[in-house]
Amino acid sequence: MQQASQSPAGDYVRRSRTPEGSRNHLITFVISIVLTILAFAAVMIPGLSREFVYSLLVLMAILQVLVQLGIWMHLKDRGHFWAILAMIFGGLVVVYAVVSVLFWTWYQ
Amino acid sequence: MVKRWMKRLIPLTAMMMLLLTGCSVEGALDPKGPVAEKQLDLILLSLGVMTLVLVVVFVLFFWVIIRYRRKPGDEIPEQIEGSHKLEATWTIIPIVLLFIMAVPTVALTFNLEQEAKATEGDMVIQVVAKQFWWEFTYPEEGIVTAQEVYIPVGKKVVFELSSTDVQHSFWVPELGGKKDTNVGGRNVNYLALEASYPGTYKGKCAELCGQGHALMDFKVIALEQPEYDAWVQKMLTPAEVTVETELGAELFEAKCLSCHAIDPGMPSMGPNLNGFADRMFIAGWLENDAENLVKWIETPEDVKPGVLMPGFKDVLTREEIDEIVKYLQSLH
Amino acid sequence: MSHVQTEDNRIESLERATLEGRNKILGFWVFLGAEVVIFGTLFAAHIALRSEVNYGVSGTEIFALPIVAIMTAILLTSSMTSVMAIQAMHRHDVKGTALWLTITVLLALGFLGLEIYEFYHYVDAYNFNIKASPFSTSFYVLVGCHGVHVAIGILWISLLIGQLFKKGLTVVTAPKIYLASLYWHFIDVVWVFIFTVVYLMGKVG
Amino acid sequence: MAHAQALGRKKRYSGIMDWITTVDHKKIGILYLVTGGVFFLLAGLEAILFRIQLMYPMNDFLDAQTFNELVTMHGTTMLFLAALPILFGFFNYILPLQLGARDVAFPFLNALGYWTFLFGGLLLNLGFFTGGLPDSGWTAYPPLSTEYSPGFGMDYYSIGLQIAGIGTLVGAINFIVTIVNMRAPGMTMMRMPLFAWTAFITSILIVFAFSAFGVGILMLTFDRVFDGHFFNAAVGGNVILWQHIFWIFGHPEVYILILPAFGILSEVIPTFSRKRLFGYTSMVFATALIGFLGFMVWAHHMFTVGMGSVANILFAVATMLIAVPTGIKIFNWIFTIWKGSLKLTTASLFAVGFIPSFTMGGVTGVMLAMAAADYQYHDTYFVVAHFHYVIVGGTVHGIFAAFFYWFPKMFGRKLNETLGKITFWLFLIGFHLTFFIQHWLGLIGMPRRVYTFLDGQTGWNEMNFVSTIGAFLMGVATIILLINIIITAMKPKDAEADTWEDGRTMEWAMPSPPPVYNFKQTPLVRGLDAWWVEKRAGNDAMTPAEPLGPIHMPNGSILPVIMSIGLFIAGLGIMHHATWASIGGFGILAVCMIIRSLIDDPGYYIDPAEIEGKEVKAS
Ligand code: HEA
Ligand code: HEA
Ligand code: CUA
Ligand SMILES: [Cu+2]
């Protein structure tokens, strides 16, 4: 593909050594696995109160998503201002939607 | 310029004048009960504030477009960036104005909702909205009626609102604002209204519900307590079938009873016709006389589009329909 | 090549080497913002309707957690392998990239297969189809929407593997691969909420 | 780059093929404008028809069903297929010029966005030919829009808007990326023209609002076509769920319509006042704040649904707050004229005419926001009056202002000013005549969406009659505008670059109409109102930021049209349960995407020599 040869891609490869080691990514993987196991365990262990399980589940999910967004999807890296904004804004709209449904759809 | 002033001011003043005279108006502007009165107060308050805002904006607006029109030989004006002082002014003043309006809004909104919670001893009427008519049930008295709902004057009445097909909205402008009738047996709404004076008040469906939406009218009839009690008694004593109406009654039983009921407490697929002879209107809006009744029974679709009652033009002869009409007119 | 500069004209990595690449990445993030709302709305609907079983079966009765656990493990691993693909890409290792992407696709196929089996099982064993109840409708539309995303991801990544062999790693292919991996992570993120909200909470009732 | 020429040649299309395959943002802008304009005429005609029905009590010009269909189509078409696409047309044409960008970020997707919008719009209107139009109001409340609406009408609504919505979403993403990444050197965010800012915020609102709506109509489709139960109350579905989803989209949608008009005003008023925008910074923040608050107030459309007093109060207060940033804007415009030198052309007449009309609509909005009072206003003509004051007095005025303002830039000719002023006055008078009186109608009890009303109600007959006359006047004004366009089109192209002499932003620094590649050399921006700054400094062109070199342009492509046709077929297939048609439709889509993915578009180069010689003009 000729166009590529026009671009600085060739020199760039030499210049940039990937700064991200795979360690972070592996740690994320492990964290995700652990959080998931915790979540499944909380449901499978009998006798826990519903409120406790629910809050634990939500907490686990949020943690896991934060870790994955931050590290796997590089949101923690520089230059992701607008990306983070997109996620936050989307999240906000979702919170509205869920809240409205939870409290008002079944109001009374 | 003068013309433009006039064009904007005339309708505005016309509206204010109509408001002040208040006699030839109807609807929300002519309240006949405490709820509508409080709402009108709120409306007038906001209208006052808005008039103020509009006057300020209009004055500034016309001042700048008249004063700063381009004239031959104009220099390039100074490029003013802004002014913190001015900008702060038109941030703060609106906030103050909004506050003035927000406080009574919050109070009244809260208050109305509180009122609507029926407590012991409140009179409750169940309202079921259907395409395209209204069924009213008095659970205490055991009365089911339609299109015309009777209430005593000076007493808070709580309407329990629901619907069996699509969303409708229950609105009696002169007595107070509307509330939707939700489907599904859930989200049942309560609306408290009270009539301060005896009279007949127009009621409307205010949510698009299909073809008949425009004509889904009803009436609220407020009577002094003794008259109201008399009405209840009358509703509870079914009309008797006489020799004259016998034929009509039979026909009615054969053709109409599948949908309609005439026993006082009976709900039915169509309106309960107990006391029908005393209704002012057929189907909520057409004057209740023999001629119109024939028209309705023959071709209800012409009276109210989308109506769920079939026409009987081809099913019954004109004579038979006349008999039914005679019978219906005996249902006091 | 366009020569418009941005504040940030450091060349960070192959996928960001060109303006086109940077545009794509930013645009894709905005698209993911839209996806958040899309799935969020479906979640809202599901949360509202999940106890409306219309005299039919409820989540507590039918959800088979072991199969969900396996699906979760598979998808999580595939998200990991797509990270590996990007790392290989940053090392300019075409073969490695292709290999990791292939593994990702295979895992995804496994996931999709299990999901199809799961749906089939529900319909077969409990007559739990989309018409059964508001719960079933919202369940199938939400989880199915995720499934469709997985299927699209499979097609997309497979195409990219083909391109990789044909064209190698270039400033044209690199952003695409990067986006596909973002997309894939996002699908995993959505699944985290699905197994939490739909399955686990559904199981608890 | 000696072999630049060899890289690729422009695939030359001409005539209609050129328009069908174009990826040039300026041509796509014109396509949006023309299509949106046609839909505006159609929706306006629908309004005229149902206004005739409402001219007399118990009129039988239209039957109830047709009336409901026309009202629904009027609202839906105006919002989704007329106002928004026309604004998209201006975004497309003007934004890159104002930003000093060579092109938009995603030319191909941009074209795709237009064609999906067009085919979605056609699907929505298909009922005119097949019978059975959408009839449940633009709000499509179930169960009226599901079980109680047999036939294909509401399927056209849900699937047609789904397809058009995809186009809108794609377009919005394109604008966001263009604005963030493609600005010319020196143009910081805080030096962007306000029009670009409003385009930016609007696009953000679209991304989040239209996604919610997309899911809403997907659910509607499932209920209607696949017997789903989202909204089927009989088995436990919930109709209020739809209302929440709809309004979470629906309220931002109205700001999507007004913000670009705010942007237009912020361009037109400074130009014709020869004075910079008063309080630029606060205008930017007000825009952002309106956009943000716009997402938190949706339930003010649902006060009467019975959400309880707490919810009603919260949403009431949140809604009222929006008056503050909007007020900031109103006063900033007025003070832009203050101490300026205002020239009243048709464009600036529409722009200043906006201010009082919109304010009247805005203050009734605040009245509506007062929950306890809204119980009286809701679903009456008072609401109809409110939103036409903000939409017609606001958005449509803004659109007309933009049309007169940018027409010379886009087509190289000035519209006739005399006819323009006649249009303005007729439209303004007609507008107030139609809608002012509707406030009153609402207050005395006329519900909206009624196909007729009973005789003998005080004032109803007269006021409805007057209202219809006003609508006729607006129709006449529109016809005069059409005549104006036709007359102007027959005149030679003679507009100068800086047509209005006082242009401030960069589009006025290039020929009218601009060449395909926009700026020969990317300009350097040295302040807010970049072109004004250069003019004040005594320059007669923008200072370039790069040497003259070959300009890379994308090739046209037929794929967007084919993809949209694929979607159209798939949509029809789904609603008719024709599995093969839907698979075929999606197949076409998939094949196109695969082709697009496998065959890279090398684009072509325009040579500096060619630029120096004859100007390559956009048609
Ligand atoms: C362009 C579109 C647009 C815009 C900009 C607005 C702007 C506003 N709207 Fe409107 N609205 C619609 C389009 C729009 N609306 C539509 C289409 C509907 C009906 C949908 C349907 O049901 O079909 C609707 C319905 C609607 C309702 C629901 C009514 C009902 O159905 O019962 C409400 C209620 O709160 C409301 C409120 C507001 C408010 C508070 C604003 C504010 O943003 C207005 C702010 C502006 C000002 C206030 C003027 C300028 C300010 C000053 C000069 C400062 C000083 C002012 C004060 C202190 C008051 N609107
Ligand atoms: C962008 C939005 C927009 C615009 C510009 C308009 C413009 C107009 N609207 Fe619109 N309207 C809505 C959005 C809009 N409306 C919405 C959302 C609803 C709610 C729908 C619902 O309830 O679901 C509504 C509802 C609505 C109603 C209430 C209907 C009802 O509830 O029963 C009325 C009634 O008067 C009305 C009238 C008008 C009029 C007279 C115009 C005029 O300004 C139109 C002026 C334009 C013209 C008159 C065009 C002229 C065309 C020609 C002359 C034809 C020439 C033809 C060829 C050459 C082919 N509209
Ligand atoms: Cu019932 Cu409208
Ligand atoms: Cu709103």
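How much area do chain C and chain D bury between them, and what percentage of it lies on carbon and sulfur atoms? In this predicted model, the two chains bury about 3,300 Å² between them, with 70% of that area on carbon and sulfur atoms. Chain C brings 39 residues to the contact and chain D brings 36 residues.

Turning to the polar side of this interface, 1 salt bridge is found between chain C and chain D. It joins the side chains of C:Lys131 and D:Asp227, with an N to O distance of 3.7 Å. In addition, 6 residue pairs are in polar contact between chain C and chain D, with both residues of each pair at pLDDT 80 or more. On the side of chain C that touches chain D, the elements giving two or more residues are α1 (19–49) and α5 (134–167) of chain C. Of the elements, α1(C) gives the most to this side, namely 17 residues. By class, the chain C side that touches chain D comprises 19 nonpolar, 12 polar and 8 charged residues.

The interior is worth a look as well. The count of cavities of 30 Å³ or more comes to 11. Among them, the second largest cavity has a volume of about 110 Å³. Its lining is made up of 14 residues, and those lying nearest the centre are D:Leu194, D:Ser266, D:Glu267, D:Leu277 and D:Asp529. Helix α9 (residues 239–273) of chain D supplies the largest share of the lining of this second largest cavity, with 4 residues. Sorted by class, the lining of the second largest cavity holds 8 nonpolar, 3 polar and 3 charged residues.

Conventions
Residues numbered from 1 in each chain as written. Chains lettered and ligands numbered in written order. Heavy atoms only, no water. 1 Å grid on protein atoms, 1.4 Å probe; cavity = no way out; pocket = protein on both sides within 12 Å on 5 of 7 lines; lining within 4 Å. Points joined across faces, edges and corners; volume = space filled by probe spheres on them. Nonpolar A, V, L, I, M, F, W, Y, C, P; charged D, E, K, R; others polar. Contact = heavy atoms within 4.5 Å. Buried area = accessible area lost by both parts, 1.4 Å probe. Salt bridge = Lys/Arg side-chain N within 4 Å of Asp/Glu carboxyl O. Polar contact = N/O pair within 3.5 Å; in protein donor to acceptor, adjacent residues only side chain to side chain.
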